[in-house]
Amino acid sequence: MLSRTEPPPARQAIPQVDFELDDFDADEGRYLDFYRQVAIHEDMLVPLAEHHTSTGAHSYYVLFDRTATYGHPGMPVYVAVHLKRDRENETFDFEQDRLPLPAMAQSWLIHRGCPYNDIGLNPELGPPPADEATRALERRLAGDGDHYAMGYSYTCDDPDDMVTVVALRALDEGTPSPFRVVVEEVDTDTWTHTLREGGFDTKDAALQWCNDRLTGEAGPLPPVRPVAASGRQLGVPSAIVPRSPGRSR
């Protein structure tokens, strides 16, 4: 079974991440946080992208966690890590977050100081984009990801239907189609992936489409379109419990 980012055997060996912290320390609580949140599965983290500043004070990583869905179905499989090193005092600090799509991990890092052009994904790892529509949407998510709040995601690694659905809410109430659904689908025959976006007027409609997609019952994604301004307050979508993922047969 192919994972979401493990390449076929003919491709290059899977690299391992090196956080380069051998000469650094942190207070006990912070060190334990880093171990529990990041380093506990260090040998199972695949570096899809990384950038280090010239002084070594900052490092940015987009990592794929090969253990993510083993015990927690639907869990985001990508980890964004920002390491901050104080070389004078030989200490370090960090931020991290789990995100369902690589472009969202890139966006998280970009908005923490990583240059946009320096956190490109390794093209030898994972299925490449299938078309220009996918590439364009990934560029937009990486650059404008701070315009949306994530409310729900589910990653299905069924080899017959490898799909990730993400429900987002626009932070600007005037944004057309304030609730968005982004869908990544992996074609294991061609080893490519597509990314598509749909627009919804309500949280419930967006979440229902996600649920229907995971059971193979969803219709086409509705287009993103202008909606009439309203006085309702936009809330962050709350998680729903999807029915058993995978297409209906």
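In this predicted model, the buried residues of helix 5 pack against four strands: strand 5 (148-158), strand 6 (161-170), strand 7 (179-187) and strand 8 (192-200). The residues of helix 5 that are buried are A206, L207, W209, C210, N211, D212, R213 and L214. The set thus named takes in charged side chains, D212 and R213, as well as W209 and L214.

The geometry of helix 5 was checked against its length. The helix holds twelve residues, 203-214. At 1.5 Å a residue, these should span 16 Å. The end C-alpha atoms lie 17 Å apart, which agrees with the expected span. Both flanks of the helix show local features. At its start, a side-chain oxygen of T202 comes to within 3.1 Å of the backbone nitrogen of A205. Just after the helix, G216 adopts a positive phi of about 75°.

Aromatic contacts were examined next. Five aromatic pairs are counted. One of them joins F19 and F34. Their ring centres are 5.4 Å apart, with 80° between the planes, and the pair is edge-to-face. F19 belongs to the segment before helix 1 (28-37), whereas F34 lies in helix 1 itself. The two residues are 15 residues apart, and the pair links distant parts of the chain. F19 has a relative accessibility of 3% and therefore counts as buried, the cut-off being under 20%. F34 is also buried, with a relative accessible area of 5%.

F34 has a further partner in F92. The centres of these two rings lie 5.5 Å apart and their planes meet at 75°, so this pair is edge-to-face, planes over 60 degrees apart being counted as such. Here too, distant parts of the chain are linked: F34 sits in helix 1 and F92 in strand 4 (residues 91-99), 58 residues apart. F92 counts as buried because its relative accessibility is 7%. Ring pairs extend this arrangement into a cluster made up of F19, F34, Y61, F92 and F94. Within the cluster, F34 thus pairs with F19 and with F92.

A contact between a charge and a ring was also found. The charged end of R112 sits over the ring of W108. The distance from that charged end to the ring centre is 3.9 Å.

Key. Residues numbered from 1 in each chain as written. Predicted model: local features only at pLDDT ≥ 70, side-chain atom pairs only at ≥ 80, totals over all residues. Heavy atoms only, no water. Expected span 1.5 Å × (residues − 1). Buried < 20%, exposed > 50% of the residue type's maximum accessible area, 1.4 Å probe, protein only. Contact = heavy atoms within 4.5 Å. Polar contact = N/O pair within 3.5 Å; in protein donor to acceptor, adjacent residues only side chain to side chain. Phe/Tyr/Trp six-rings, centres within 6.5 Å; stacked < 30°, edge-to-face > 60°. Lys NZ or Arg CZ within 6 Å of the ring centre and 35° of its normal.
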